[in-house]
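Me: Please take a close look at the sheet in this model and at what packs against it. I would like the cut-offs behind each term.

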Amino acid sequence: MNPKFTIITVVLNSKTKLEATIKSLSNQDFKDFEYLIIDGGSTDGTESLIKNYTHIITKYISEKDGGLYLSLIHI
């Protein structure tokens, strides 16, 4: 598969908003994309939610990170 574009969602403990995003993408008529979710180590059930949407999620990565501001310092 060579998708025309990639959609990336970065999330941390935002299960409800993530589900709304996933449902929105799932309802699109255009399907020529890949969907990546990068999770900062959520503890609110995000991972179990993602398992329900494997038909639309191309790749899921979950690992503890330093957060946005710490990451910007290292740029």
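Reply: What follows goes through the sheet, the helix beside it, the nonpolar core and one charged pair.

This is a predicted model, in which local features need pLDDT of at least 70 and side-chain atom pairs count only at pLDDT 80 or more, while totals for chains, interfaces and linings use all residues. Residues are numbered from 1 along each chain as its sequence is written, and side-chain values use heavy atoms, with hydrogens and water left out.

Helices (H or I, at least four residues) and strands (E, at least two) are DSSP runs, numbered from the N terminus. Two strands pair if DSSP finds at least two bridges between them. The sheet is open and has three strands in the order β1-β2-β3, with parallel pairing. Its edge strands are β1 and β3 (59-62), each of which pairs on one side only. On average, neighbouring strands are turned by 15° against each other, direction ignored; axes are lines fitted to C-alpha atoms, for helices over the stretch in contact, and angles run from 0 to 180 degrees between N-to-C directions.

Helix α1 (residues 15-26) packs on the sheet and touches β1 and β2, its direction making about 175° with that of β2. Contact here means heavy atoms within 4.5 Å.

Strand β1 covers residues 5-11 and includes I7. The C-alpha atoms of I7 and Y35 are separated by 4.9 Å, although the two are 28 residues apart along the chain. T9 also lies in β1. With neighbours within four places in sequence left aside, the contacts of T9 are L18, T21, Y35, L36, I37 and I38. T9 counts as buried because its relative accessibility is 15%, buried being under 20% relative accessible area, exposed over 50% and partly exposed in between (1.4 Å probe, protein chains only).

On the other side, β2 (residues 33-39) is joined to β3 by four bridges. I38 has I61 as its bridge partner in β3.

A nonpolar core is a set of buried Ala, Val, Leu, Ile, Met, Phe, Trp, Tyr and Cys residues joined through side-chain atoms within 4.5 Å. The largest one has 12 residues, among them V11, L18, F33 and I37. Two or more of its residues come from each of α1, β2 and α2 (46-51).

There is one salt bridge, defined as a side-chain nitrogen of Lys or Arg within 4 Å of a carboxyl oxygen of Asp or Glu. The side chains of K23 and E19 form it, at 4.0 Å from N to O. Both residues lie in α1, four residues apart. K23 is partly exposed at 42% relative accessible area, and E19 is partly exposed at 24%.
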